[in-house]
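Student: Could we go through this structure together? I would like to learn how each label is earned.

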Amino acid sequence: MIDKRVATLAEAVADVADGATVLVGGFGNSGVPVELVHALLEQGARDLTVVTNNAGSGETDIAALIRERRVRRIICSYPRSAGSVWFEQFWRRGEIELELVPQGTLSERMRAAGAGLGGFFTPTGADSQLAEGKEVRVLDGRRQVFERPLPADVALIKADRADRWGNLVYRTAARNFGPTMATAAARTVVQVREFVELGELDPEAVVTPGIFVDRVVEVA
Amino acid sequence: MIRPLSPVDMARRVARDIPDGSYVNLGIGLPTLVADVVGPEKEIVYHSENGILGMGPAPAPGEEDPELINAGKQPVTLLPGGSFFHHTDAFVMMRGGHLDVSVLGAFQVSEAGDLANWATDEAAMPPAVGGAMDLAVGARRVLVVTTHTTRDGRPKLLSRCTYPLTAAAVVDRVYTDLAVLDVCPEGFVVREVAPGVTPDELQAVTDARLAFAPDLTVVHPG
């Protein structure tokens, strides 16, 4: 029998190791698995590499992880936003490493990892500083930069509903990085608003099939 | 007397160039005004890089859905026929050349169509790029809307960008408060000027050599 549901947030993140690479879903405040990130904070893993679009704002979720010195390195596209005070403070003091990646490249690097690919050439950023140190080729008449896959140990994402097989449906724009991150991590942990019975999700509407999901926890 | 276009008039002028039925991404800032001034006779499908096609206007106060936001993190709505998809697909649409038009803001544009709109040389702030580079390389037509000069009067249209590039040779047309310019093999060609602007005056606030179209006209925003 397959049952990926776990009872508590603590159980969901119990074995995240120090030094792990952790993908965290969300775009701005949409689709951020806030409760899972808080559980990770309590769990205590440190020296983390966090991959996420923004670098947190205010005092919650990723901002809290940074404030509590759990994040050694952040890989993201847009760390600067209203309220990203903890990231900015740590960055200015040189206490956090930043790898800046164009947003589509960030997503595609995770897709490549999940798809078993060795990387890809993209025109995005090929003529920019972000291509420095990377291989650039002219392909089909365009300069393109080689980008490596971005695999991870753990993905923390948020969906709307799940069944015990881990099939997921999402809600509005909260989907964002979730489906791609779910494919790219050795272990994908999902918080959902609601568990449903097996067979209750319309198979035509399932966005993330359960094969990509390891643990699901309900956060009402 | 020079009468620079207001931001809304700049947006109106851009809107006139967007054909009915287009799939369009509007960058953060000035470009977002375009959606407010496109006439009801056109059906335009707006794309947002966080996974929305058919994005509608801001919701009425109290109707906001905190998860239904645009790329600028502002609450939006979904129009009938709209759809949600994940980030990788959103960027497939952008990078893969599926969007008809991308309207972007700029710090600088060069006469070769190089765009600088993601970083200045300010070292005090951490760098941030978001989707700027994907938007610049992917759309079939890249339109830039920006003031002609910086707040302190320095030209934004240059022979070469001095700020870090977003992408090289991507901009098709530039709409400023003083002119509409095409990026052509020979450099900037001015198509339209704001009321009262003479060619000499425009050249004086531009750091690239301008050519003027033989049929140069005054901008009509509406």
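Tutor: Gladly! Let us start with a pair of strands. Three bridges join β6(A) to β8(A), residues 142–147, and the two strands run antiparallel. Keep in mind that this is a predicted model.

Student: What makes β6(A) and β8(A) a pair?

Tutor: Two strands pair if there are at least two bridges between them. β6(A) and β8(A) have three bridges, and therefore they count as paired. As one example, the bridge partner of Phe120(A) in β8(A) is Glu147(A).

Student: Which strands make up the sheet around β8(A), and in what order?

Tutor: The order is β6-β8-β7 in chain A, three strands in an open sheet with antiparallel pairing. From one strand to the next, the twist averages 45°.

Student: Why are β6 and β7 of chain A called edge strands?

Tutor: β6 (120–122) and β7 (136–139) of chain A each pair on one side only. Helix α5(A), residues 103–114, packs on this sheet and touches β6 and β8 of chain A. The direction of α5(A) makes about 165° with that of β6(A).

Student: How do you know which way strands pair elsewhere, say β1 and β12 of chain A?

Tutor: β1(A), residues 5–6, and β12(A), residues 215–218, run parallel and are joined by two bridges. A pair needs at least two bridges, so β1(A) and β12(A) qualify. Arg5(A) stands opposite Val216(A) in β12(A). β12(A) also pairs with β11(A), in the parallel sense, over four bridges. There, Val190(A) stands opposite Val216(A).

Student: What kind of pairing does the sheet β7-β6-β9 of chain B have?

Tutor: That one is mixed: three strands in an open sheet. Its edge strands are β7 (115–116) and β9 (157–158) of chain B. β6(B), residues 108–110, pairs with β9(B) in the parallel sense over two bridges, and Val109(B) stands opposite Leu157(B) in β9(B).

Student: Now to helices. Which residues of α2(A) are buried?

Tutor: In α2(A), residues 34–43, the buried ones are Leu36(A), Val37(A), Ala39(A) and Leu40(A). To be called buried, a residue needs 20 or more other C-beta atoms within 10 Å of its own.

Student: How do you know whether the buried residues lie on the same side of α2(A) or not?

Tutor: They cover an arc of only 155° around the axis, which puts them on the same side of α2(A). Those buried residues pack against α1 (9–12), β2 (21–24), α3 (61–67), β9 (152–162) and β11 (185–195) of chain A. After α2(A) comes Gly44(A), with a positive phi near 100°.

Student: What makes you say that α3(B) is largely enclosed?

Tutor: Of the nine residues of α3(B), residues 87–95, seven are buried, so the rest of the structure largely encloses this helix. Among them are His87(B), Phe91(B) and Arg95(B). Their cover includes α5, β6 and α6 of chain A, and from chain B β1 (23–26), β2 (45–48) and α4 (132–138). Just after α3(B), Gly97(B) has a positive phi of about 80°.

Student: Parts of chain A help cover a helix of chain B. How many residues does each chain give to the contact?

Tutor: Chain A gives 37 residues and chain B gives 32. On the side of chain A, the elements giving two or more residues are α4 (85–92), β5 (97–100), α5 and α6 (178–184). The largest share, five residues, comes from α5(A). By class, the side of chain A that touches chain B has 13 nonpolar, 17 polar and seven charged residues.

Student: How do you know whether the size of chain A agrees with that of a compact globule?

Tutor: For 220 residues, a compact globule would have a radius of gyration near 17 Å, and chain A has 17 Å, so the two agree. Chain B, with 222 residues, also has 17 Å against an expected value near 17 Å, which agrees.

Student: What share of each chain is buried?

Tutor: In chain A, 52% of the 220 residues count as buried; in chain B, 46% of the 222 residues do.

Definitions and conventions:
Residues numbered from 1 in each chain as written. Chains lettered and ligands numbered in written order. Predicted model: local features only at pLDDT ≥ 70, side-chain atom pairs only at ≥ 80, totals over all residues. Axes fitted to C-alpha atoms, helices over the stretch in contact; angles between N-to-C directions. Contact = placed C-beta atoms within 7 Å. Nonpolar A, V, L, I, M, F, W, Y, C, P; charged D, E, K, R; others polar. Buried ≥ 20, exposed ≤ 12 C-beta atoms within 10 Å, placed from the backbone. Arc of directions from axis to C-beta. Rg over C-alpha atoms; globule rule 2.2 N^0.38 Å.
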